[in-house]
Amino acid sequence: MEDVAPEPCWIRSSGARVTKEDLRRMVAIPGRITMAMKEAAAIKDTVGAAIAAAAAEMEVEELPEAPVVVFVNAKSGGRHGPMLKDRLQHLIGEDQVYDLSIVKPSDFVQYGLACLEELSSRGDYCAQTTREKLRIMVAGGDGTVGWILGSLAELHLKNRAPVPPIGIIPLGTGNDLSRSFGWGGSFPFGWRSAVRNSLYRAITGPICHLDSWQVIVSMPEGEKIELPHCLRHLEDQSSIQDRDAKEELPEWFSRFEGVFYNYFSIGMDAQVAYGFHHLRDEKPYIAQGPIANKFIYTGYGCTQGWFVTPCMADPSLRGLKNILRLHIKKVNCPDWEQIHVPKSVRAIVALNLHNYGSGRNPWGNPKPEYLEKRGFVEANVDDGLLEIFGLKQGWHVSFVMVELISAKHIAQAAAIRLEIRGGESKQAYMQMDGEPWKQPIDCERLTFVDIQRVPFQSVLIGGSRLF
């Protein structure tokens, strides 16, 4: 769906008009610096690229006013990805646009930004200004945004300040991160002018902060698990922040670690997501875009256990109360508290954002008197708390997803621990930010899931819901 209508040659901002040429001038980075950053990321050599840039003949350079680079996931958004990449290169120059299929965000952080730092240490004031003022736009879905945020976390860990804030051009199916920070829920129809508006908003939008959450899965060794991209094997426990999560486990335990920004869930919703992902991998021709994905996902979910009554013989269709115990820590409280899990709940979700499942708000907007009665506070993305809610049978889920009712409120927590034991069931389904996996569980030995907040916050740019 390409919009071929003529576009205005300016952007209206607070009554003023910003031309395309003005926008390009504002976001521009001197060519020798952008070439050095790309070269450093490509050859993984910070010093060599910096020396080449320092030795290059410099014409009179203007200091960058509001430097921007853009990462594009050309595989997102159907055929819009490649067109968007071309459009961005036309607007701000080829060297300031990074294709994620060519340059990994981790290489950009480790080598590209380090090249700016190396040039700065050599007295290059232009490189120093670029590094200090740099902002990043990400064109992709929630997974792509999380990928970039995870790579930028290295700057926090190594005290390489400042951390560039990111804005979003939504190309995914759900786009809940994009919605939560005002960048819209879908790729716009009038995308040519909207992209220019997004670039301008990237350099003028306010700075916002986002909590992120570390998940540690501890399981009996010997069980086979097909790890999703969001988990990695954890050999060094030094990255675990919670003292209780570092407690000694038997030698026959394996640990896996990951980070989420939107949600973690266990139960039927993850089981449906797992089945859908495998269906899409086996038959990629049936899911050609966000709208098709949503229809197929909904249809697939209706054929699964959501609409089967909890009294069915299959243990996987019963409430989660049969296989897990839920413990939480509240803010400024060192002790764990066991939380009752209603027997009707068949999926538990720990939510960080306001949006879930393509813009739904399952937590709802509880009234102040209800919050006070339950000991809750108003939910925010940077409050150090997760909202924990439950989903019951299919009809309950349907009403929640069309926002006729709220989900089953269970707790708000600063840390979570799940203890899972199998019984008749041999696996539990889990997911983080849309990446599901099948977790083996044992009837004799416990599996633990520990969730605690990462001690630093991600930095994003607030959009204005232009889309």
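**Exercise 1. The cores**

How many residues does the largest nonpolar core have, and which of them have the most contacts inside it? Work this out on the predicted model shown above.

*Solution.* Start with the count: the largest nonpolar core holds 68 residues. Next, look for the residues with the most contacts inside this core, and you arrive at Leu84, Phe108, Ile166, Leu199 and Leu210. Then ask which element contributes the most: helix H5 (residues 105-121) does, with 7 residues. Now pick out leucine 199 and list its contacts, leaving aside residues up to four places away in sequence: Leu23, Val68, Val70, Leu88, Leu91, Ile92 and Met137. Finally, turn to another core that lies apart from the largest one; this other core has 36 residues, including Phe260, Ile328, Ile348 and Ile388. As background, nonpolar side chains in soluble globular proteins tend to be buried together.

**Exercise 2. Strand S5 and its neighbours**

Find out how many residues of strand S5 (residues 135-140) are buried, and then place the strand among its partners.

*Solution.* Take the residues one side at a time. Arg135, Met137 and Ala139 point one way, Ile136, Val138 and Gly140 point the other way, and all are buried. That makes 6 of the 6 residues buried, so S5 is largely enclosed by the rest of the structure.

Now for the partners. Strand S3 (residues 68-72) pairs with S5 in the parallel sense over 5 bridges, and here valine 69 stands opposite isoleucine 136. S6 also runs parallel to S5, joined by 5 bridges; across this pairing, methionine 137 has glycine 167 as its bridge partner. To finish, follow the chain: S5, H7 and S6 make a right-handed β-α-β unit.

**Exercise 3. Backbone surprises**

Inspect the loop between helix H7 (142-157) and strand S6 (166-170), then the loop between strands S18 (427-432) and S19 (435-440), and look for unusual backbone geometry.

*Solution.* Keep the usual case in mind: most residues other than glycine have a negative phi, and most peptide bonds are trans.

1. In the H7–S6 loop you meet asparagine 159, whose phi is positive, near 55 degrees. Asparagine 159 is exposed, with a relative accessible area of 70%.
2. Proline 162 sits in that loop too. The peptide bond joining alanine 161 to proline 162 is cis, with omega about -5 degrees.
3. In the S18–S19 loop, the residue to find is aspartate 433. Its phi is positive, about 50 degrees, although it is not a glycine. Aspartate 433 is partly exposed, at a relative accessible area of 26%.

Technical notes
Residues numbered from 1 in each chain as written. Predicted model: local features only at pLDDT ≥ 70, side-chain atom pairs only at ≥ 80, totals over all residues. Heavy atoms only, no water. Helix = DSSP H or I, 4+ residues; strand = E, 2+ residues; numbered from the N terminus. Buried < 20%, exposed > 50% of the residue type's maximum accessible area, 1.4 Å probe, protein only. Pairing = 2+ DSSP bridges. Right-handed = clockwise from strand over helix to strand, strands pointing away. Core = buried A, V, L, I, M, F, W, Y, C linked by side-chain atoms within 4.5 Å. Contact = heavy atoms within 4.5 Å.
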